[in-house]
Amino acid sequence: MGEDTDTPFSELSSDEKRDVNDVVVDEWVAETTPFERVHDVILTLHDPASVAEIADEARVEKDTAQTHVRALERTGHVTSRGDEETRYHRSEISIITEHAASVLEEHTVTEIQDGIAELEAEIASWQLEYSVDSPEEFAREFDVNGFDTEHGDVLRKWRTTRRYLVLGRAAVGIGRACQTGHVTEHETDM
């Protein structure tokens, strides 16, 4: 920005109006390592990306990105797919462990177990009400094509509840392992 901090943005010259995004990216590049930037990009991917796309976003050379993506793949943080061009994305394990850690920061294992019981009861009520065992069976049985109907809303809620149930169970497992210290052989408080 301009040297005079009291000057309104609209009055700055085009040279002074450097894109805020460019400033943020420059700071990110200056304050992080290439590995950290590649990891950050992987964490924010919504769709699988090629090494070239990851390198571009991380502001690193393609070979550097390839090295770091392969390291993340070896540690289970990244998975790949593709026939013609390999594309990379976060692994399910990475997403689950991150979510579990986040939940465990705010809730005890007992609180999570109570929440799991509520989720299981909700799913059981849908199974009983609609005489089906899964959201996929529900969608087929009631020919649900979108979420803008009453059945579509139930389908969305059921899938979301199932996802929370899976993540909650994972958090309980991780929380118990941390409490017992059996993995690291160090007992911890949670």
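Buried means under 20% relative accessible area, exposed means over 50%, and partly exposed is in between. Keep these cut-offs at hand for the exercises below, and remember that this is a predicted model.

**Exercise 1. Getting your bearings**

Task: Find out how many helices and strands the chain has, and in what order they come.

Solution.
- Step 1: Count the elements; the chain has 8 helices and 2 strands.
- Step 2: Walk along from the N terminus, and the elements run α-α-α-α-β-β-α-α-α-α.
- Step 3: Look at burial across the chain, where buried residues make up 28% of the 190 residues.
- Step 4: Turn to the contacts between residues at least 6 apart in sequence; 46% of them join residues at least 24 apart.

**Exercise 2. Sorting residues by accessibility**

Task: Decide which of the words buried, partly exposed and exposed fits Glu 120, Arg 59 and Asp 143.

Solution.
- Step 1: Glu 120 lies in helix α6, residues 109–130. Its relative accessibility is 35%, so Glu 120 counts as partly exposed.
- Step 2: Arg 59 sits in the loop between α3 and α4. With 43% relative accessibility, Arg 59 is also partly exposed.
- Step 3: Asp 143 belongs to the loop between α7 (135–141) and α8 (150–180). Here the value is 55%, and therefore Asp 143 counts as exposed.
- Step 4: While you are at these two loops, check the backbone. Arg 59, which follows α3, has a positive phi near 60 degrees although it is a residue other than glycine. Asp 143 is not a glycine either, and its phi is positive at about 50 degrees.

**Exercise 3. How α1 meets α2**

Task: Describe how helix α1 and helix α2 pack, and name the residues that meet.

Solution.
- Step 1: Know what to look for. Two packed helices are described by the angle between their axes and the distance between the axes.
- Step 2: For α1 (residues 20–31) and α2 (residues 34–44), the angle is about 130 degrees and the axes are 8 Å apart. That makes α1 oblique to α2, because an angle counts as oblique when it is outside the ranges under 35, 65 to 115 and over 145 degrees.
- Step 3: List the partners. From α1 come Trp 28, Val 29 and Glu 31, and they meet Glu 36, Arg 37, Asp 40 and Val 41 of α2.
- Step 4: Sort the residues of this contact by type: 3 are nonpolar, none is polar and 4 are charged.

**Exercise 4. The buried sides of α2 and α3**

Task: Work out where the buried residues of α2 and of α3 lie around each helix, and what covers them.

Solution.
- Step 1: In α2, the buried residues are Arg 37, Val 38, Val 41 and Ile 42. They cover an arc of only 140 degrees around the axis, so they are on the same side of α2.
- Step 2: The elements that cover these residues include α1, α3 (51–58), α4 (62–74), β1 (78–81) and β2 (87–90).
- Step 3: In α3, look for Val 51, Ile 54, Ala 55 and Ala 58, which are its buried residues. Their arc is only 100 degrees around the axis, which puts them on the same side of α3.
- Step 4: Among the elements that cover the buried residues of α3 are α1, α2, α4 and β2.
- Step 5: A general point helps with the spacing. An α-helix has 3.6 residues a turn, so residues three or four places apart point the same way.

**Exercise 5. Two threonines and a distant pair**

Task: Find which backbone oxygen each of the side chains of Thr 32 and Thr 161 reaches, then look at which residues Glu 120 touches.

Solution.
- Step 1: Thr 32 is found in the loop between α1 and α2, and it is buried because its relative accessible area is 19%. Its side chain reaches the backbone oxygen of Trp 28 at 2.5 Å.
- Step 2: Thr 161 lies in helix α8 and counts as buried at 10% relative accessibility. The side chain of Thr 161 reaches the backbone oxygen of Lys 157 at 2.7 Å.
- Step 3: Leaving out residues up to four places away in sequence, Thr 161 touches Leu 119, Glu 122, Ile 123 and Trp 126.
- Step 4: By that rule, Glu 120 touches Leu 165 and Arg 169. Glu 120 and Leu 165 are 45 residues apart in sequence, and their C-alpha atoms are 7.4 Å apart in space.

Definitions and conventions. Residues numbered from 1 in each chain as written. Predicted model: local features only at pLDDT ≥ 70, side-chain atom pairs only at ≥ 80, totals over all residues. Heavy atoms only, no water. Axes fitted to C-alpha atoms, helices over the stretch in contact; angles between N-to-C directions. Helix = DSSP H or I, 4+ residues; strand = E, 2+ residues; numbered from the N terminus. Contact = heavy atoms within 4.5 Å. Nonpolar A, V, L, I, M, F, W, Y, C, P; charged D, E, K, R; others polar. Buried < 20%, exposed > 50% of the residue type's maximum accessible area, 1.4 Å probe, protein only. Arc of directions from axis to C-beta. Polar contact = N/O pair within 3.5 Å; in protein donor to acceptor, adjacent residues only side chain to side chain.
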